[in-house]
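Let's take a walk through this one together. Have the sequence and the coordinates open, and we'll go from the overall fold down to a few residues.

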Amino acid sequence: MIYPNTKLVLILLCVMPISNIVAEVSEGTDEAADDSKIKSAEFRDLKQHLTGKWVGEFTNGTMENPAEWKSVEVQYLLSGNGSAIVENYFYGAADNPGMTTVYYPDGADLQLTHYCGAQNHPRMKWSTYDKDTRTYGFQYLDITNLHNESDYHSRMLDLTFVTNDSIRIVYTGFVNGKGAIQTYNLKRSASN
Amino acid sequence: MKKKLFGGSCVTLMALFAAFSLLASEEDLQYSQISKPGVSGDFMAAFNRLKSLEGTWDEAPWSVGEDGRVVQYRLTGRGSALIEEYVGDPPMTTVYHLDGDNLRLTHYCNAGNQPRMTAAFYRNDTLKFDFVDVTNLSEPGAYHTRTLEIKFHDENHIDLNFVGLKNGNDVPGLVSLTRRNTHLLQSE
């Protein structure tokens, strides 16, 4: 015997879309971004060598012509199931990062978005790799939250593996049409 | 990552999202536009509302016996961007940020792609984002998130309603969060 309420349930089950019946889904797990599915060899290289905590110093200037060097801590975290590297820069004792850069693949290409202390957010695209210096070069793609063209905004980023445990990051920006460089020298933290 | 579906309200929501997509075509959602037709709301106020989420939150469990994830909101870029971090395995990140008088997000998804969205409206304690574009989509039919609607119930409770697309079919998902405290995990 089928009770009246049971009939109603059966009718509803017949007319409801399948998606309504399923209680849970696994977002992207069948298309998870494991390394075998990441086409960008450059992204895999960065992911392998950067993850963890780095400490060092930075200056508003170049290695050859620096201003005052100040201490900084940089954390690299994997996100998006291994499809994004989140680089957080911590200055002083602040709990929040002063700025953040996220590296991510785009097919065989590699991009980054830089959430800058200048409060704008340029995107850059990987353009060069110098095998001799182990330097990845990124070039400007576009930007959000730039109020005036003359405002400071980063246009290029060079990331160099000096050794496996030592990196240099150079941001090249422009303000009022003139170049402005910020250099970071970082060593892998012993607390990794 | 498992996500809860809407159940009985799914059909209604799908109809609403279809209606929204008719109102705002993708041509209207060019990322370079600062102000675009069809959008409404004070997005600076919306961003300030988002920034008030700073701290640590707990996701409601999907079912009895399961644990929800921990979600952390923290500022970066001298207050110009808010990072939403799903802590745990696997971690996932969304960054909300201003673009002039508009509001954007990039979702660094566990599906391995990175959809960008722009704010469509902020009213009645609800902030809605619509799809702009996506990077690293493995194939046209691959799952990717298309819309996000944040419902601010009060200062300690929010819902994140995602709708993704896979092989042409909508895949809705819900994350309900309750504030644990206003601190970040490493400062506890």
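A residue counts as buried when its relative accessible area is under 20%, as exposed when that area is over 50%, and as partly exposed in between. Keep in mind that we're looking at a predicted model. With that cut-off, B:C109 is an easy call: its relative accessibility is 0%, so it's buried. Over in chain A, A:C116 has a relative accessible area of 5%, so it counts as buried too. And what about cysteine pairs? A disulfide is a covalent bond between the sulfur atoms of two cysteines. Searching the whole structure, over all chains, turns up 0 of them.

Now step back to chain A as a whole. Its 192 residues are 43% buried, and its accessible surface is about 9500 Å², with carbon and sulfur atoms contributing 54% of that. The chain has 3 helices and 11 strands, and if you follow the sequence, they come in the order α-α-β-α-β-β-β-β-β-β-β-β-β-β. Among contacts in chain A with a separation of 6 or more, 40% link residues 24 or more positions apart.

For a single example of such a long reach, hop to chain B and find B:T178, which sits in strand β11, residues 169-181. B:T178 and B:A60 are 118 residues apart in sequence, yet their C-alpha atoms are 7.4 Å apart in space. Leaving out residues up to four places away in sequence, B:T178 touches B:W57, B:D58, B:N156 and B:H157. Is B:T178 buried, exposed or partly exposed? Its relative accessibility is 35%, which falls between the two cut-offs, so B:T178 is partly exposed.

Notes. Residues are numbered from 1 along each chain as its sequence is written. Chains are lettered from A and ligands numbered from 1 in the order in which they are written. This is a predicted model: local features need pLDDT of at least 70, side-chain atom pairs count only at pLDDT 80 or more; totals for chains, interfaces and linings use all residues. Side-chain values use heavy atoms; hydrogens and water are left out. Helices (H or I, at least four residues) and strands (E, at least two) are DSSP runs, numbered from the N terminus. Buried means under 20% relative accessible area, exposed over 50%, partly exposed in between (1.4 Å probe, protein chains only). Contact means heavy atoms within 4.5 Å. Accessible areas come from the Shrake-Rupley method with a 1.4 Å probe; for residues, only the protein chains shown count as cover. A disulfide is a pair of cysteine sulfur atoms within 2.5 Å.
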